[in-house]
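Work through the exercises below with the sequence and the model at hand. Each task is followed by a solution in steps.

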Amino acid sequence: MERTGQTLLTGAPRGTRDILPSQSGSWQWLEHQLRHTCRLYNYREIRTPVFEHTELFLRGIGDTTDVVSKEMYTFNDRGGRSLTLRPENTAAVVRSVVENRLLGDLLPVKLYYIGPMFRYDRPQAGRFRQFHQFGVEALGVDEPAIDAEVLLMAASLLDRLQLSGVMLAINTIGCGLCRPGYRRSLTCYLDGCVDRLCGDCRRRYRTNPLRVLDCKREECHMVTRSAPAITEQVCTQCREHFTAVLELLAASNQAYTVDSRLVRGLDYYNRTTFEFKFDRLGAQSTLIGGGRDDGLVAELGGQPTPAVGFAAGIERLLLAMEINHCLPTVAERPEVLVLPIGRAAKTTALTLAEELRGRGVACDLVFGERSLRSQLRLADRLGVYVAVLIGDQELAAGRVVLKDMTGKEQITLPAAECADKIEQILAKRSV
RNA sequence: GUGGCUGUGGUGAAGUGGUUAACACGACGGAUUGUGGCUCCGUUACGCAUGGGUUCGAUCCCCAUCAGUCACCCCA
């Protein structure tokens, strides 16, 4: 219970991490790729609050799901409202769509989001308490083509990130009309072999028998191997929808595996469900997960509206790219460093740096009393192209020294011409 | 919520129940006074996660806590 002050002050909360300067470049790069893909597919960004009324998640995600029943950060604010840090963003997006009447004539409404989510889980490889998701939601269209487009978008995203070795597993879990029937027949089947199931499954085959299908334990796998497959038992409409989606994927040369065991843990899913998996990630191998959630809009008080979407884990994408050695290292560095030699040069150095920045040159200057040698070492470490040396001699003569850090040459010129010359040098570099 | 493994300086990482806790990298400073990337030299641990306990004495033994890690579970 008691934690030392030191731990409290110097340790980030469990399951959270700082994104340090050495890593933020990768994050920005990835975010750029995500946004660009959204642009290509005509998805527009929506930003919703990081906390919502707890009720939203209870209704939207389902109060019996693990996410809601044991993983939420819920608290009361000073006004007595029960609020919850969002564990995912689909419910909030739909809430906003309904609240702001975004569903007009122009359908589908295609939205994307990116930001932090919160789940009180035990931290593990690829799993954090604060993590980040990128996701899309297309609302208002029922036809299989939009399922396929969403799938293809996810695939092209992975492709853009050069993530090879990702497998797409797809399934249909039926709709509100046919799933209950399947559920019954599955329960019925499982009734006959409860004693062969693992402890967890014995418990949940009553509450949510579908979950037994994706249990990892061998004994359960054996039992469900000959269980009725949902793909065989969904209603005609669902079956046709599913085969249409598969045909569209095939027509686009998108590889996939139908996995009739694939089940999603959030209540709002129906019909098409899918996962993009990367097996070298460890236990948390799902990079992207999604599917249809046709009932959600109505559940949250809107007109019945079909919807499809997916969510991707940013940390997992980054982790996978690292494992795959395809994560670009983007280190931003200044182009120019100004070196004041001695106190007297400080003013001139600062003024010059400002002038360069005003011209759009990324520029830094050295602070503190450092020897010329150490200042040059600094310039070298920073990887700047040009160092500007300003010492007493230069000051007296109204000149500065420009040193090309990529070679050995240096020139002395009037301070007034310095900025022009630097622009020339940099322009030559970028050609 | 359950289980396994781990916890030494900015990082990687040796080490022993008993005076000054290796080494490497990094960082900082210097190698004749104003010049980098190589080289050389020097400096760099409120003392070995925190709190208890065992002991004449613990960083090394025991317990608890916290944290990290992996797996279960769950999911992105």
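**Exercise 1.** Classify Arg271 as buried or exposed, and describe its backbone.

Solution. This is a predicted model.
- Step 1: The relative accessible area of Arg271 is 13%. The cut-off for buried is under 20%, so Arg271 is buried.
- Step 2: Arg271 is part of strand β9.
- Step 3: The phi of Arg271 is positive, near 50°, and the residue is not a glycine. Most residues other than glycine have a negative phi.

**Exercise 2.** Compare two further residues of strand β9, Thr273 and Lys277, by accessibility and contacts.

Solution.
- Step 1: Strand β9 runs over residues 270-278 and holds Thr273; Lys277 is placed in β9 as well.
- Step 2: Thr273 has 0% relative accessibility and therefore counts as buried. Lys277, at 34%, counts as partly exposed.
- Step 3: Beyond four places in sequence, Thr273 touches Ala169, Ile170, Asn171, Ile173, Leu262, Arg264, Gly290 and Gly291.
- Step 4: With the same exclusion of neighbours within four places, the contacts of Lys277 are Gly165, Val166, Met167, Ser285 and Thr286.
- Step 5: Lys277 and Gln254 are 23 residues apart along the chain, and their C-alpha atoms are separated by 15 Å.

**Exercise 3.** How many residues of helix α14 are buried, and what follows the helix?

Solution.
- Step 1: Helix α14 covers residues 314-323; seven of its ten residues are buried, so the helix is largely enclosed by the rest of the structure.
- Step 2: The buried residues are Ile314, Glu315, Arg316, Leu317, Leu318, Ala320 and Met321.
- Step 3: After α14 comes His325, with a positive phi near 55°. His325 is not a glycine.
- Step 4: His325 sits in the loop between α14 and β12 (336-340). Its relative accessibility is 73%, so His325 counts as exposed.

**Exercise 4.** Which peptide bond is cis, the one from Leu107 to Pro108 being the case to examine, and where is Pro108 found?

Solution.
- Step 1: The bond from Leu107 to Pro108 has omega near 0° and is cis.
- Step 2: Pro108 belongs to the loop between α5 and β5 (109-118).
- Step 3: Most peptide bonds are trans.

**Exercise 5.** Describe the nonpolar cores, starting from the largest.

Solution.
- Step 1: The largest nonpolar core has 49 residues, and the members that touch the most others are Leu111, Leu139, Leu186, Leu190, Leu197 and Cys201.
- Step 2: Helix α5 (residues 90-99) gives the most to this core, five residues.
- Step 3: Outside its neighbours within four places in sequence, Leu111 is in contact with Tyr43, Arg44, Ile46, Val93, Val97, Gly135, Val136, Glu137 and Leu139.
- Step 4: A second, separate core has 44 residues, including Tyr43, Leu246, Phe276 and Ile288.

**Exercise 6.** Characterise the surface near RNA strand B by residue class, by element and by polar contact.

Solution.
- Step 1: There are 59 residues around RNA strand B, and Arg119, Arg122, Arg204, Gly407 and Lys408 come nearest.
- Step 2: By class, the residues of this surface are 16 nonpolar, 19 polar and 24 charged.
- Step 3: Of the strand B atoms within 4 Å of the protein, 52% belong to sugar or phosphate, and the rest belong to bases.
- Step 4: Three polar contacts reach different parts of the RNA. A backbone N or O atom of Ala125 is 2.8 Å from a phosphate oxygen. A polar backbone atom of Gly313 is 3.3 Å from a sugar or linking oxygen. A polar side-chain atom of Lys408 is 2.4 Å from a base oxygen.
- Step 5: Elements giving two or more residues to this surface include α1 (5-10), α4 (66-70), β6 (130-139), α8 (199-207) and α16 (372-382). The largest share, seven residues, comes from α16.

**Exercise 7.** Place Ser69 in its surroundings.

Solution.
- Step 1: Ser69 lies in helix α4 and, at 46% relative accessibility, counts as partly exposed.
- Step 2: Beyond four places in sequence, Ser69 touches Asp63 and Thr64.
- Step 3: A polar atom of the Ser69 side chain lies 2.8 Å from the backbone oxygen of Thr65.

Key:
Residues are numbered from 1 along each chain as its sequence is written. Chains are lettered from A and ligands numbered from 1 in the order in which they are written. This is a predicted model: local features need pLDDT of at least 70, side-chain atom pairs count only at pLDDT 80 or more; totals for chains, interfaces and linings use all residues. Side-chain values use heavy atoms; hydrogens and water are left out. A residue is near a molecule or strand if one of its heavy atoms lies within 4 Å of it. A polar contact is a pair of N or O atoms within 3.5 Å; within protein, one must be able to donate a hydrogen and the other to accept it, and residues adjacent in sequence count only if both atoms are side-chain atoms. Helices (H or I, at least four residues) and strands (E, at least two) are DSSP runs, numbered from the N terminus. Ala, Val, Leu, Ile, Met, Phe, Trp, Tyr, Cys and Pro count as nonpolar, Asp, Glu, Lys and Arg as charged, and the others, Gly among them, as polar. A nonpolar core is a set of buried Ala, Val, Leu, Ile, Met, Phe, Trp, Tyr and Cys residues joined through side-chain atoms within 4.5 Å. Buried means under 20% relative accessible area, exposed over 50%, partly exposed in between (1.4 Å probe, protein chains only). Contact means heavy atoms within 4.5 Å.
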